[in-house]
Amino acid sequence: MHGLVNRSIECFLRDTYGPGIWAGVAVDAGLDPQGFEALELYDDAVTDAVLSAAMRRLDKPREALLEDLGIYLVGLEPLRRLLRFGGESYEDFLHSLDELPDRVRLAVADLHLPELALEGIGPSRYRLCCAGTQPGFGAVFAGILRAMADDYGALALIEPGEVSGEVETVGIELLDSFFAAGRDFDLALPETR
Amino acid sequence: MMDRVRPHDPVVLAAADLGRLMPMFLWIAPDGRIRAAGPTLAKVCGPEPIEGARFLDRFELTRPRSAATVEEVRRLAGQRLQLRLRHGARTPFRGHLVGLGDDRGILVNLSFGIAVAEAVRDHRLTSADFAPTDLTVELLYLTEAKAAVTDELAALNCRLRAARSAAETQAMTDALTGLANRRALDAALARAIEAAACGRRGFALLHLDLDLFKQVNDTFGHAAGDFVLVRVAEVLRTETRKHDTVARVGGDEFVLILPGQVDAGRIDAVARRIIAGLEAPMDCAGRPCHISGSIGATISSHYAVPDADAMLSDADAALYASKRLGRGRCTLFISGMHLPEDKREPRRG
């Protein structure tokens with residue numbers, strides 16, 4: 001797994017539950033508590049070991065933990081901004097998800113996200129399919145979609161679906177695209193950064 | 001079946017549709033006035049309406065050359081243009097133009113080119129201001145994504161630099177006492193000799209060998225010996241200045257470089273203080289233990305050209321003389337003191 005993914009998990013655990021929890025997880029997983037380097041590649045087993053250790057320490061199911069990770073990621077301003085480049089409205093954003101893996105590769109050539117495909121399954125109902133790479137991305141995207149709905153001010157029901165083979169799905173029911181004001185997004189980066 | 005469209009056939013298009021396809025187009029009439037503009041360009045040129053204004057009043061052509069009349073503008077057809085707003089943010093554009101048939105004027109299409117980030121900020125543009133085929137938004141996205149990756153790289157570089165500096169310190173440090181090691185001594189001695197050779201300032205070289213250290217080791221064990229060495233290091237640090245070099249070069253041997261210290265009396269005073277510090281009673285795991293030290297010293301100004309090996313060897317000879325004279329003392333090397341190797345007694349202990 002790419003170091004950026006591992007580092008995301010590390011920062012999520014450290015920022016959300018404190019450095020003590022992270023240090024414990026690192027020890028359980030046989031890692032240097034210094035953590036991951038963002039631009040290195042790690043064996044997939046390392047990521048699994050970290051997640052398993054975190055589940056045990058926090059007594060949280062894997063899916064819940066990964067959903068929280070997705071919500072946490074949207075809380076990081078640079079990432080939130082990158083996701084908001086997906087479109088003017090939440091619906092635009094949903095339709096831009098197919099392109100997300102390519103966008104990510106444009107920035108970091110060796111970071112491979114699962115293939116994403118948005119299917120329309122009824123009026124205002126969609127299903128996001130994540131295929132390939134490691135299991136768990138479905139839950140992460142459920143968290144991302146939920147947090148981005150808030151960010152756009154849309155009212156949406158997000159339901160992680162069942163896993164079939166290598167494909168994980170997330171169900172989306174868009175009740176109101178413009179339910180609330182949503183957060184600001186300027187194409188131009190605010191100067192104060 | 002529809003007729004094939006030939007290259008010069010006219011295509012009829014509503015201005016609004018043209019604006020949707022090319023949100024930054026300009027249609028310039030033969031009289032030089034702007035007849036229509038795409039919505040994004042109108043926004044950028046605002047707030048005064050751009051329709052009806054003279055093209056050359058609002059825009060300044062910079063490349064390939066300036067133009068004063070519409071005819072001159074028209075002659076630039078097919079070329080890559082650079083222009084900028086004459087007023088306000090003076091936003092630069094790149095563009096190209098085609099002449100419209102039947103004397104209907106000129107059609108210009110513009111984009112922000114490489115300065116797009118400033119233009120987006122200055123005019124508060126959103127992704128709706130760009131045609132879906134335009135990669136401008138992707139360019140902005142990429143700029144931000146690259147900035148995030150560069151931040152990570154910079155952080156990585158910082159960590160690597162800190163790790164390298166720690167490794168360098170480690171490579172120059174005696175692990176037990178934290179004093180300089182042999183490698184650090186060689187480097188410091190080379191620097192001191194260079195400074196002395198340039199006539200900047202001389203230095204003293206002191207060679208210290210502990211007395212009675214072997215007895216401590218034999219009686220109380222190696223842990224006690226290590227404890228004593230750490231205490232010795234404290235004494236040496238206390239009695240030297242910040243820019244002096246104190247190195248542990250063997251089990252119980254130390255070398256000191258004292259830059260600027262070339263007066264025999266003062267060197268002797270430093271050595272006496274060190275020896276007094278070493279002779280102060282130490283408590284080894286509840287039992288008192290006593291050590292002392294013998295010192296041999298030499299001064300760079302004794303040499304026409306100071307040399308590391310010669311100075312170390314002379315300090316060693318002076319140390320040997322201290323041992324012979326009854327230990328716990330300092331001897332300053334003077335020419336002719338050198339004793340033949342084969343007559344030396346074992347000085348350890």
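**Entry 1: a salt bridge between the chains**

I looked up the pair Glu138(B) and Arg103(A) in this predicted model, and I noted that their side chains meet in a salt bridge, with 2.8 Å from N to O. The distance falls within the 4 Å that the rule for a salt bridge allows, so I entered the pair under that heading. I then asked how many salt bridges are counted between chain A and chain B. The count is five. For polar contacts across the interface of chain A and chain B, I wrote down nine residue pairs, both residues of a pair being at pLDDT 80 or more.

**Entry 2: the side of chain A that touches chain B**

Next I asked which elements of chain A give two or more residues to the side that touches chain B. I found α5 (77-84) and α7 (100-107) of chain A, and of the elements on this side α7(A) gives the most, with four residues. Sorting this side of chain A by class, I recorded 11 nonpolar and nine charged residues, with no polar residues.

**Entry 3: extent of the interface**

I noted that 20 residues of chain A are in contact with 23 residues of chain B. The size of an interface is often given as the accessible area lost when the parts come together, and I therefore looked up that value as well. Chain A and chain B bury about 2200 Å² between them, and 58% of this area is on carbon and sulfur atoms.

**Entry 4: the largest pocket**

Turning to pockets, I noted that the largest pocket holds about 1100 Å³ of space. Its lining is made up of 41 residues, and those closest to its centre are Leu4(A), Ser8(A), Leu73(A), Leu79(A) and Leu111(A). I asked which elements give two or more residues to this lining, and I listed α1 (3-17), α3 (44-58), α4 (62-74), α5, α7 and α8 (137-152) of chain A, together with α6 (136-171) of chain B. By class, I entered 30 nonpolar, four polar and seven charged residues for the lining of the largest pocket.

**Entry 5: the second largest pocket**

For the second largest pocket I wrote down a volume of about 560 Å³. I found that 14 residues line this pocket, and that Val11(B), Val12(B), Leu13(B), Leu100(B) and Arg104(B) are the closest to its centre. The elements that give two or more residues to the lining of the second largest pocket are α1 (15-21) and β5 (92-100) of chain B. I divided the residues of this lining by class into 10 nonpolar, two polar and two charged.

Terms used. Residues numbered from 1 in each chain as written. Chains lettered and ligands numbered in written order. Predicted model: local features only at pLDDT ≥ 70, side-chain atom pairs only at ≥ 80, totals over all residues. Heavy atoms only, no water. Contact = heavy atoms within 4.5 Å. Buried area = accessible area lost by both parts, 1.4 Å probe. Polar contact = N/O pair within 3.5 Å; in protein donor to acceptor, adjacent residues only side chain to side chain. Nonpolar A, V, L, I, M, F, W, Y, C, P; charged D, E, K, R; others polar. 1 Å grid on protein atoms, 1.4 Å probe; cavity = no way out; pocket = protein on both sides within 12 Å on 5 of 7 lines; lining within 4 Å. Points joined across faces, edges and corners; volume = space filled by probe spheres on them.
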